[in-house]
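Let's take a walk through this structure together. Have the sequence and the 3D view open, and follow along from one helix to the next.

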Amino acid sequence: MAFNYNGNLNGQYDERAVELGRYIAETNSTVRATGKKFGVSKSTVHTDVTVRLRKINPALYNEVRAVLEKNKEERHIRGGIATKEKYLKSGV
């Protein structure tokens, strides 16, 4: 399903944007997790799914935007959970 691009696209930016968008829409993945999965930076993922995808596939862009908004609203909760787990593991 997913390809590891490693910055070697040879002009296939639109294809990457659609692939990243589909992955986010299907899995409700975060920008960070998507970047890690595809081997690209968070900035690249964000640019692809907000700028490029909006132009080439507006319907998919709207789906992705909804997921990104949900993730943004929940990020403080995920951060708190991560901190709690960190301190539980360290025994503090």
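**A walk through four helices**

Let's begin in a loop: with a relative accessibility of 39%, N28 counts as partly exposed. That label has cut-offs behind it: buried is under 20% relative accessible area, exposed is over 50%, and partly exposed is in between, using a 1.4 Å probe and protein chains only. Before going on, bear in mind that this is a predicted model, in which local features need pLDDT of at least 70, side-chain atom pairs count only at pLDDT 80 or more, and totals for chains, interfaces and linings use all residues. Residues are numbered from 1 along each chain as its sequence is written, and side-chain values use heavy atoms, with hydrogens and water left out.

Now for the overall layout. The protein has four helices and zero strands, so to read it along the sequence is to follow α-α-α-α, where helices (H or I, at least four residues) and strands (E, at least two) are DSSP runs numbered from the N terminus. Of the 92 residues, 28% are buried. The protein exposes about 6,300 Å², and carbon and sulfur atoms supply 49% of that; these areas come from the Shrake-Rupley method with a 1.4 Å probe, and for residues only the protein chains shown count as cover. Take the contacts (heavy atoms within 4.5 Å) between residues at least 6 apart in sequence: 59% of them join residues at least 24 apart.

Next, have a look at α1. Its 15 residues should span 21 Å at 1.5 Å a residue, and its end C-alpha atoms are indeed 21 Å apart. The expected span here is 1.5 Å times one less than the number of residues in the helix. The buried residues of α1 are R16, A17, V18, E19, L20, G21, Y23 and I24.

Just past the end of α1 we are back at N28, with its positive phi of about 55°. Most residues other than glycine have a negative phi. N28 itself sits in the loop between α1 (13-27) and α2 (31-38).

How do α1 and α2 meet? One answer is an aromatic pair, and a search of the whole structure finds one. The partners are Y23 and F38, arranged edge-to-face, with 5.3 Å from centre to centre and 80° between the planes. For the rule behind that, rings of Phe, Tyr and Trp (its six-membered ring) pair if their centres lie within 6.5 Å; planes under 30 degrees apart count as stacked, over 60 as edge-to-face and the rest as tilted. Y23 belongs to helix α1 and F38 to helix α2, so the pair ties together parts that are 15 residues apart in sequence. Y23 is buried at 14% relative accessibility, and F38 is buried at 0%.

On to α3, which has 15 residues and reaches 20 Å from its first C-alpha to its last, close to the 21 Å expected. This helix has a kink of about 35° centred on D48, the bend at a residue being the angle between axes fitted to the seven residues ending there and the seven starting there. Within α3, V45, D48, V49 and L53 are buried.

Stay with D48 for a moment. Side chains of opposite charge can pair when their charged atoms come close. A salt bridge here is a side-chain nitrogen of Lys or Arg within 4 Å of a carboxyl oxygen of Asp or Glu, and by this rule there are two. In one of them D48 pairs with R16, with the closest N and O atoms 2.4 Å apart. D48 lies in helix α3 (residues 42-56) and R16 in helix α1, so this bridge ties together parts that are 32 residues apart in sequence. Both D48 and R16 are buried.

D48 also forms a salt bridge with R52, with the closest N and O atoms 2.3 Å apart. R52 and D48 are four residues apart in helix α3, which puts about one helical turn between them. R52 is partly exposed, at a relative accessible area of 26%, whereas D48 is buried at 0%. Through shared partners, the salt bridges join R16, D48 and R52 into one network.

Two more stops in α3 round off the tour. K55 is exposed, at 68% relative accessible area, and its C-alpha is 9.5 Å from that of D14, 41 residues away along the chain. V51 is partly exposed at 43%; V51 and Y61 are ten residues apart in sequence and 9.0 Å apart in space, C-alpha to C-alpha.
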